[in-house]
Amino acid sequence: MTRTSTDILISGGGVAGLSAAAAFGTAGFNVICVDPSPPVTSDTAEGADLRSTAFLHPSIPVLQDAGLWARLEPHAAALQVMRIIDAGGAVAEPRLTRDFNAAELSDLPFGWNLPNWLLRREMVARLAELPNVDFRPGVATSRLMTRESEALVALSDGAQIRARMVIGADGRDSPVRQALGIPVRTLRYGQKALAFAVSHPVPHDNVSTEIHRSGGPFTLVPLPDRESKPRSAVVWMDTGPAVARLQALAVADFEAEMNARSCHILGPLTLDSRLTVWPIIAQIASRMAGERCALMAEAAHVVPPIGAQGLNMSLADLTVLLDLARAAPDDIGSARMLDAYHRKRHWEVQARVSGIDALNRASMMGAQPLRDLRATALNALYSAAPVRRVLMKAGLGLR
Ligand SMILES: Cc1cc2nc3c(=O)[nH]c(=O)nc-3n(C[C@H](O)[C@H](O)[C@H](O)COP(=O)(O)OP(=O)(O)OC[C@H]3O[C@@H](n4cnc5c(N)ncnc54)[C@H](O)[C@@H]3O)c2cc1C
């Protein structure tokens with residue numbers, strides 16, 4: 001059996017793995033990227049990922065360097081204001097509304113929102129432009145063996161790859177992480193998220209809104225208009241049984257419940273896609289790397305979808321890995337490089353997982369005194385301008 005040699009084998013072609021393939025390919029490295037599930041690149045196709053991703057502005061340079069941002073920007077909706085509404089009183093209506101405006105920090109918006117199915121479409125198209133990237137959809141990583149000088153990967157189609165570095169971007173149950181024997185700590189909330197798109201009569205004005213009551217946030221994130229109608233992506237988190245009940249409702253009944261939960265802030269919402277359901281956990285790997293292998297994205301860390309952190313943390317992983325690789329291209333995959341990667345990322349990932357865990361638990365609170373306390377805390381944090389700016393910078397991943 002002949003072995004193909006490459007600089008980098010990326011296990012996983014989700015949004016994180018595809019971004020990494022484009023970034024390392026554009027930087028001149030030879031890349032093979034494998035994924036058993038071919039990417040679904042239209043919103044109406046079976047299995048389409050109907051979530052959206054809000055790219056915060058510190059994530060944009062790595063997308064620009066990867067030749068991706070020029071393709072993505074025309075489809076993006078800017079996020080200028082993050083609005084937090086507490087609707088945790090006795091009746092489901094806003095009792096406290098606080099706007100975090102990006103203008104307080106700079107002349108840039110907080111970020112830009114894009115549907116995940118469209119990200120896959122544009123990322124796959126970018127990979128096709130790169131002769132040094134070999135994307136193999138329909139093929140899985142089956143076995144991984146490492147030694148000091150290289151990693152040997154067996155693929156599900158029988159191919160054997162010899163790589164200087166493997167990037168495990170193969171999701172929360174990462175086969176690469178398991179092959180390396182790296183343990184994870186998992187926090188479970190008994191919670192799920194419904195992700196779908198809506199249209200509405202009131203323009204969103206580039207405001208992303210998180211409405212807190214109990215069970216988890218109801219979040220509306222701006223999308224570009226379609227057929228002159230304003231649209232938003234919705235993530236609605238609640239307990240598993242509550243989500244199962246909502247999912248089983250007829251469309252008219254679902255819309256009635258969704259409108260009550262949205263507190264009618266954008267007028268009557270109309271369901272504009274199928275519903276997709278995502279289990280919610282937080283998880284962190286005890287190390288970001290093993291011999292000849294780096295873990296990134298959900299293979300290394302999973303957070304509940306609050307404050308648009310998940311993929312932005314993954315692009316921060318990618319930025320650090322790429323900087324290290326560019327600084328010493330002959331050294332990719334060495335113990336020195338991978339230790340540096342672990343040290344630069346792990347503490348920050350730990351801090352973010354803990355912070356988002358706390359925010360999610362606060363959002364889930366059901367007892368009235370605790371919900372009152374949450375509203376008081378939000379008001380106090382917001383009222384002091386320096387604290388407010390520190391919170392906004394922390395959310396963006398800026399110091
Ligand atoms: C409802 C919801 C909303 C979100 N919103 C945001 C947001 O606004 N902003 C943000 O930054 N983040 C957000 N996130 C988080 C973000 O979506 C995730 O971080 C991101 O999609 C995860 O990407 P990933 O590529 O690591 O994992 P995945 O998408 O799970 O990709 C892993 C890939 O690995 C493949 N794989 C599995 N086994 C193998 C194998 N043996 N060999 C090769 N490949 C394999 C799988 O087929 C899969 O394609 C959200 C998450 C949820 C649940």
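1. A quick word on terms before the ligand site: Ala, Val, Leu, Ile, Met, Phe, Trp, Tyr, Cys and Pro count as nonpolar, Asp, Glu, Lys and Arg as charged, and the others, Gly among them, as polar. With that in hand, the shell around the ligand splits into 14 nonpolar, 11 polar and 5 charged residues. Keep in mind that this is a predicted model.

2. Who sits around the ligand? The ligand is surrounded by 30 residues, and the closest are Asp35, Thr141, Glu298, Leu311 and Asn312. As for polar partners, three serines are worth a look. The side chain of Ser11 has an N or O atom 3.5 Å from a nitrogen atom of the ligand. Ser37 puts a polar side-chain atom 3.5 Å from a ligand oxygen atom. With Ser52 the backbone does the job: one of its polar backbone atoms is 3.4 Å from a nitrogen atom of the ligand.

3. How much of the ligand does the protein cover? On its own the ligand has 1,000 Å² of accessible area, and the protein covers 86% of that. The elements giving two or more residues to the shell are α1 (15-26), β2 (31-35), β3 (52-56) and α8 (310-327).

4. Now the aromatics. A search of the whole structure turns up 5 aromatic pairs. Take Phe196 and Phe254: their ring centres are 5.4 Å apart and their planes meet at 75 degrees, so this pair is edge-to-face, the cut-off for that being over 60 degrees. The pair links distant parts of the chain, since Phe196 belongs to strand β12 (residues 184-199) and Phe254 to helix α7 (residues 251-261), 58 residues apart. Both partners are tucked away: Phe196 is buried at 0% relative accessibility, and Phe254 is buried at 2%.

5. Another edge-to-face pair is Phe218 with Trp236, at 5.2 Å centre to centre and with 70 degrees between the planes. Phe218 is in strand β14 (residues 218-226) and Trp236 in strand β15 (residues 229-239), so this pair ties together parts 18 residues apart in sequence. Phe218 has a relative accessible area of 0% and is buried; Trp236, at 3%, is buried too. Put the two pairs side by side and there is a bigger picture: ring pairs link Phe196, Phe218, Trp236 and Phe254 into a cluster.

6. Two arginines deserve a mention. The charged end of Arg51 sits over the ring of Trp278, 3.6 Å from the ring centre. Arg126, in helix α4 (residues 116-128), is buried, with a relative accessible area of 12%. Where does the side chain of Arg126 reach? The side chain of Arg126 gets to the backbone oxygen of Ala66, at 3.0 Å.

7. Back to strand β15, which also holds Ser232. Ser232 counts as buried at 1% relative accessibility, and its side chain makes a polar contact of 2.8 Å with the side chain of His200.

8. Two loop residues have backbone angles to check by eye. Ser228, in the loop between β14 and β15, has a phi near 65 degrees, which is positive in a residue other than glycine. Ala297 is not a glycine either, yet its phi is positive at about 60 degrees; this residue is in the loop between β19 (293-295) and β20 (301-302). Buried or exposed: which is Ser228, and which is Ala297? Ser228 is exposed, with a relative accessible area of 71%, whereas Ala297 counts as buried at 5%.

9. Last, a couple of distances for getting oriented. Gly190 is in strand β12 and counts as exposed, because its relative accessibility is 52% and the cut-off is over 50%. The C-alpha atoms of Gly190 and Ala289 are 29 Å apart, with their positions 99 residues apart along the chain. Leu266, in the loop between α7 and β16 (270-271), is buried, with a relative accessible area of 10%. The C-alpha atom of Leu266 is 9.9 Å from that of Arg231, and these two residues are 35 apart along the chain.

Definitions and conventions. Residues numbered from 1 in each chain as written. Predicted model: local features only at pLDDT ≥ 70, side-chain atom pairs only at ≥ 80, totals over all residues. Heavy atoms only, no water. Near = heavy atom within 4 Å. Polar contact = N/O pair within 3.5 Å; in protein donor to acceptor, adjacent residues only side chain to side chain. Areas by Shrake-Rupley, 256 points an atom, 1.4 Å probe, with all protein chains shown as cover. Helix = DSSP H or I, 4+ residues; strand = E, 2+ residues; numbered from the N terminus. Phe/Tyr/Trp six-rings, centres within 6.5 Å; stacked < 30°, edge-to-face > 60°. Buried < 20%, exposed > 50% of the residue type's maximum accessible area, 1.4 Å probe, protein only. Lys NZ or Arg CZ within 6 Å of the ring centre and 35° of its normal.
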